[in-house]
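Colleague: I am new to reading structures, so please choose one part of this model and take me through it slowly. A close look at the charged side chains would be a good place to begin.

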Amino acid sequence: MLLRIEETTRGQRNNFIIYSVSTRSMASKTPVGFIGLGNMGSPMAKNLLKNGYPVIATDVFPQSCKELQDTGAQVVDSPADVAEKADRIITMLPSSPNVIEVYTGPNGILKKVKKGTLLIDSSTIDPAVSREMAVAAEKKGAVFMDAPVSGGVGAASMAKLTFMVGGVVEEYNAAKELLTCMGANVIYCGQVGTGQAAKICNNMLLAIGMIGTAETMNLGIRLGLDPKLLAKILNMSSGRCWSSDTYNPVPGVMEGVPSANNYQGGFGTTLMAKDLGLAQNTATNTKTPIPLGSLAHQIYRVMCSRGYANKDFSSVFQFLREEEGQ
C-alpha cells in the first residue's frame, strides 16, 4: 500500500501526517464512465479522452452523446450500462433530483455497480443528497465522493476547473488522478458533502458579487462615467472582484464573456437560482443568517420569471437596466 507524507510546521516542530492511499492503480488507463454531457460535462469528458482515458458515456440527449462519440467515446443507453462497463464513474448533472434518478433509479448506476467502483459526482446539489448517495453506494460496496466544480464552461474546455472534493481520504488520490485531467486545482475538503458545502458558499458569494458589480456599473453609467473607464478604476481599487475584472456584466467592456454575446453561454440564471436555493435551504437548516444571499436568491428567481432563465447570470445588469425603465 502506498503512503503519502505531508510535512507541516508548528513552531519549530515538524509533524508528519500519513494517509494511506487506495490500492487502485494510479496510472491506469482503464475505461472511465461519464454521465451527463451538457455544457460542462461534455468538455470535461473530452479532456479525459485527450489524456488517454477510454470514456464510456451516456446522456438523456442523443445529440450530446453523438458529439462525444465522434471524438472517440463509447456511448451506451443508460447509467446502469455505464456501471456495468466501468469501475470509475463521473457524473455531472443539473440538480439533486437528477442525481437521485441517475444513481438510484430503475436504470441507475447502483442497479449494476460493481464492488469497489469509485463514483465521483461533480454536480452541484444539496450536501444531504450527497450523503444519502454515499450511504446507498456503500451498501453496494462502492465509494461515492462529491466533487463539484468552479470555473464555468471556459475553464471546463481548457481543463482549468477547480474541484472541491468530499469523501473518504483513502480514495482522494484515486479521484485526483482523474480530476487533474479536467482541472487546475483539486482540493480535499473533508467528509462526503463538504465539497458541496464549499461550492454552495462560493456561488452565494459569486451571485452577491455579480449583483453588486452590476449595480455599481449601472450607477456609474447613470452618473456619466464611461463603463470601460469605470471598470478600469474599479479593477485597480478596493472594489475589484472577479465579476468586475474577469466576467464584467456590461456589454462592450470585455471580450470573450457572455455580456459580449447577448449573455449567451456561460452559467445560466436558472442554475444560479438553483444554487442560491441550496444555500437558502442549508442556511435555514443550520439557522445561519444570510440576508444578502436570500436577497440574491429572490432577484435571480424573479429574473427566471422575466425571460432571463436561459441567459448567463451576469444578465442581472440588463435586468436592472430594464427595471429602472418601468
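Modeller: A salt bridge here is a side-chain nitrogen of Lys or Arg within 4 Å of a carboxyl oxygen of Asp or Glu. The model is predicted, so local features need pLDDT of at least 70 and side-chain atom pairs pLDDT 80 or more, while totals for chains, interfaces and linings use all residues. Residues are numbered from 1 along each chain as its sequence is written, and side-chain values use heavy atoms, without hydrogens or water.

The structure holds eight salt bridges. Let us start with the one between Asp81 and Lys112, where the closest N and O atoms are 3.9 Å apart. Asp81 sits in helix 3 (residues 79-85) and Lys112 in helix 5 (residues 109-112), so this pair, 31 residues apart, links distant parts of the chain (helices are DSSP runs of H or I, at least four residues; strands are runs of E, at least two; both are numbered from the N terminus).

How covered are these two partners? Asp81 counts as buried because its relative accessibility is 19%, whereas Lys112, at 38%, is partly exposed (buried is under 20% relative accessible area, exposed over 50%, partly exposed in between, with a 1.4 Å probe and protein chains only).

Lys112 has another partner to look at. Its side chain also meets that of Glu84 in a salt bridge, at 3.7 Å from N to O. Here again helix 5, with Lys112, is tied to helix 3, with Glu84, and the two residues are 28 apart along the chain. Glu84 has a relative accessibility of 46%, which means that this residue is partly exposed.

For another example, turn to Asp245 and Arg240, whose salt bridge has its closest N and O atoms 2.8 Å apart. Asp245 is partly exposed, with a relative accessible area of 25%, while Arg240 reaches 53% and therefore counts as exposed. Back at Lys112, salt bridges with shared partners join this residue, Asp81 and Glu84 into one network.

Now follow the chain on from Asp245. The loop between helix 11 (242-245) and helix 12 (269-285) contains Asn262, and Tyr263 lies in the loop between helix 11 and helix 12 too. The backbone angle phi of Asn262 is near 55°, a positive value in a residue other than glycine. Tyr263, also not a glycine, has a positive phi near 60°. Look at their cover as well: Asn262 is partly exposed, with a relative accessible area of 47%, but Tyr263 is buried, with just 2%.

To see burial in a helix, go to helix 2 (residues 62-69), where the buried residues are Ser64, Cys65 and Leu68. Viewed down the helix axis, these buried residues fall within an arc of 100°, so they line one face of helix 2 (the arc is that of the directions from the axis to the C-beta atoms). Turn the helix around, and the face away from the buried side carries the exposed residues Pro62 and Gln63. What lies over Ser64, Cys65 and Leu68? The cover of helix 2's buried residues includes helix 1 (41-50), strand 4 (55-58) and strand 5 (74-75), with contact meaning heavy atoms within 4.5 Å.
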